Amino acid sequence: MISAIIDENTIERLRVLINGVQRIAITCHKSPDGDALGSSLALCHVLRRLGKQAVVVTPDMAPKSLEFIPGVRELVVLTKHEARARRELTDAQLIFCLDYNSLHRIDRLGEIIAPLATKLVLIDHHLDPDESVFDVAISVPEASSTCELVFRVLMQMGLLRLVDRHAASCLYVGMLTDTGGFAYSCDNPEFYEVLAALMRRRFDRIGLYNKALNTFSENSLRLQGYAINEKMQIFPEHGCALITLDQEELTRFKYCRGDTETLVNKPLAIPEVYWSVFLREDVDRIKVSCRSQGDFSVSDICTRYFHGGGHQNAAGGELTCTMEEAVALIHQVLDELGIATKD
Ligand code: 5GP
Ligand code: MN
């Protein structure tokens with residue numbers, strides 16, 4: 001049995017809000033990942049089947065590697081369709097905020113949304129949501145993914161009949177990618193009951209699995225091989241691995257967004273490594289990605305040192321400094337954490 005974990009009053013308020021409007025915009029975080037896109041596109045599809053005029057507006061483009069998610073081509077992307085994105089948000093009578101916990105996570109989209117009087121509905125699984133901003137806040141940090149939460153919201157609203165193969169495909173991708181291929185954040189047995197319910201929609205499970213986790217361009221695969229072979233440093237006394245890639249290296253391998261999406265997970269294959277850091281130099285900042293196993297919280301580390309956050313085993317942040325300074329900061333973090341004891 002999948003329990004009704006969301007407060008019934010919250011579900012009722014959401015039902016009233018949805019019933020009272022026609023135009024709905026759905027937003028997700030910048031550099032959208034499988035969960036952000038999957039949850040937004042699934043909800044959009046279901047709302048359309050309910051007779052609503054729904055649209056997904058994103059701060060920036062989906063990576064090429066996620067273009068297989070059904071509906072991605074219909075995204076209204078702020079950096080590409082500025083006027084249309086603004087219009088969709090200002091004309092919307094209700095705005096959903098999926099897979100982010102604060103308007104800071106949606107870049108300039110936040111500046112457009114903040115002054116609007118439109119009601120905002122949060123559905124998210126990140127820690128510490130900025131609840132004051134949202135009119136309805138469904139925040140469940142224990143949930144595997146926002147996709148799982150969207151399923152639960154639809155279930156409690158009695159709308160599961162509208163979850164067809166298309167919506168199930170989108171939700172599956174988010175549950176798959178946000179758990180690193182069902183590796184972490186999926187200890188709740190009900191996670192698999194949600195999956196089972198989706199499986200009954202008969203989507204192409206193997207095809208989606210391969211596209212989501214096992215498909216890379218030649219450049220991407222060579223870049224990852226280079227990164228692991230030549231750039232991975234192991235600090236066994238700290239149980240830590242570090243990979244850095246600077247602009248010159250990324251250019252050399254014709255880097256496209258998404259090409260290094262799962263790279264940070266790879267060092268966790270080494271038994272001595274239980275947390276992994278990846279620093280990628282963007283034009284104006286260093287993007288930090290962290291993954292861990294077990295009780296070690298990279299979310300705490302990313303909040304404390306990298307102006308970011310996330311989840312216990314998967315988190316990230318940003319630094320506005322040089323790569324040398326970022327690496328020095330990692331060494332400082334290791335010094336401050338001291339010698340690791342695995343438990
Ligand atoms: P990734 O390493 O795949 O970019 O992100 C892993 C997790 O950390 C995701 O859940 C993502 O939402 C969160 N995250 C990544 N970057 C940031 C950031 O700059 N700020 C915050 N607050 N969370 C982040
Ligand atoms: Mn997520």
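Which residue is the bridge partner of I234 in β8? In this predicted model, that partner is A241. The pair belongs to an antiparallel match between β7 and β8, held over three bridges. The two strands make a hairpin with four residues between them, and within this hairpin G239 takes a positive phi near 60 degrees.

Zooming out a bit, β7 and β8 are part of an open sheet of six strands, ordered β7-β8-β9-β10-β12-β11, with mixed pairing. The edge positions go to β7 (233-235) and β11 (309-310); each has a single partner strand, so one side of each has no neighbour in the sheet.

On the other side of β8 from a pairing point of view comes β9: β8 and β9 run parallel and are joined by six bridges. Here L245 sits opposite R280 of β9. As for burial, six of the six residues of β8 are buried, so the strand is largely enclosed by the rest of the structure. Both of its faces are covered, with C240, L242 and T244 buried on one side and A241, I243 and L245 buried on the other.

What packs on this sheet? Helix α12 (residues 323-337) does, touching β7, β8, β9 (275-281), β10 (286-292) and β12. The direction of α12 makes about 165 degrees with that of β9. Helix α9 (residues 218-231) lies across β7 and β8 (240-245), and runs at about 125 degrees to β8.

Now for the β11 end of the sheet. Strand β11 pairs with β12 (residues 314-319) in the antiparallel sense, over two bridges, and G309 has G316 in β12 as its bridge partner. Strand β11 also holds G310. Is G310 buried or exposed? Its relative accessibility is 14%, so G310 counts as buried, the cut-off being under 20%. Leaving out residues up to four places away in sequence, G310 touches H126, L127, S299 and A315. Another residue to look at here is S297, which is 13 residues from G310 in sequence, with 9.7 Å between their C-alpha atoms.

Elsewhere in the chain, strand β4 (residues 94-98) pairs with β5 in the parallel sense over five bridges. Within this pair, F96 has V121 in β5 as its bridge partner. Strand β5 (residues 119-124) is mostly covered, with five of its six residues buried.

F96 turns up again in the lining of a cavity. How many cavities of 30 Å³ or more does the structure hold? There is one, and the space in the largest cavity comes to about 40 Å³. Along with F96, the residues lining the largest cavity are L14, I18, L43, L47, I123, V153, L154 and M157. Three elements give two or more residues each to this lining, namely α1 (8-19), α2 (34-49) and α5 (146-156). Sorted by class, the lining has nine nonpolar residues, with no polar and no charged ones.

Conventions
Residues are numbered from 1 along each chain as its sequence is written. Chains are lettered from A and ligands numbered from 1 in the order in which they are written. This is a predicted model: local features need pLDDT of at least 70, side-chain atom pairs count only at pLDDT 80 or more; totals for chains, interfaces and linings use all residues. Side-chain values use heavy atoms; hydrogens and water are left out. On a 1 Å grid over the protein atoms alone, a cavity is a set of points where a 1.4 Å probe fits but cannot get out, and a pocket is an open set with protein on both sides within 12 Å along at least five of seven lines; lining residues have an atom within 4 Å of a point. Grid points are joined across faces, edges and corners, and a volume is the space filled by probe spheres set on the points. Ala, Val, Leu, Ile, Met, Phe, Trp, Tyr, Cys and Pro count as nonpolar, Asp, Glu, Lys and Arg as charged, and the others, Gly among them, as polar. Two strands pair if DSSP finds at least two bridges between them. Contact means heavy atoms within 4.5 Å. Axes are lines fitted to C-alpha atoms, for helices over the stretch in contact, and angles run from 0 to 180 degrees between N-to-C directions. Buried means under 20% relative accessible area, exposed over 50%, partly exposed in between (1.4 Å probe, protein chains only).
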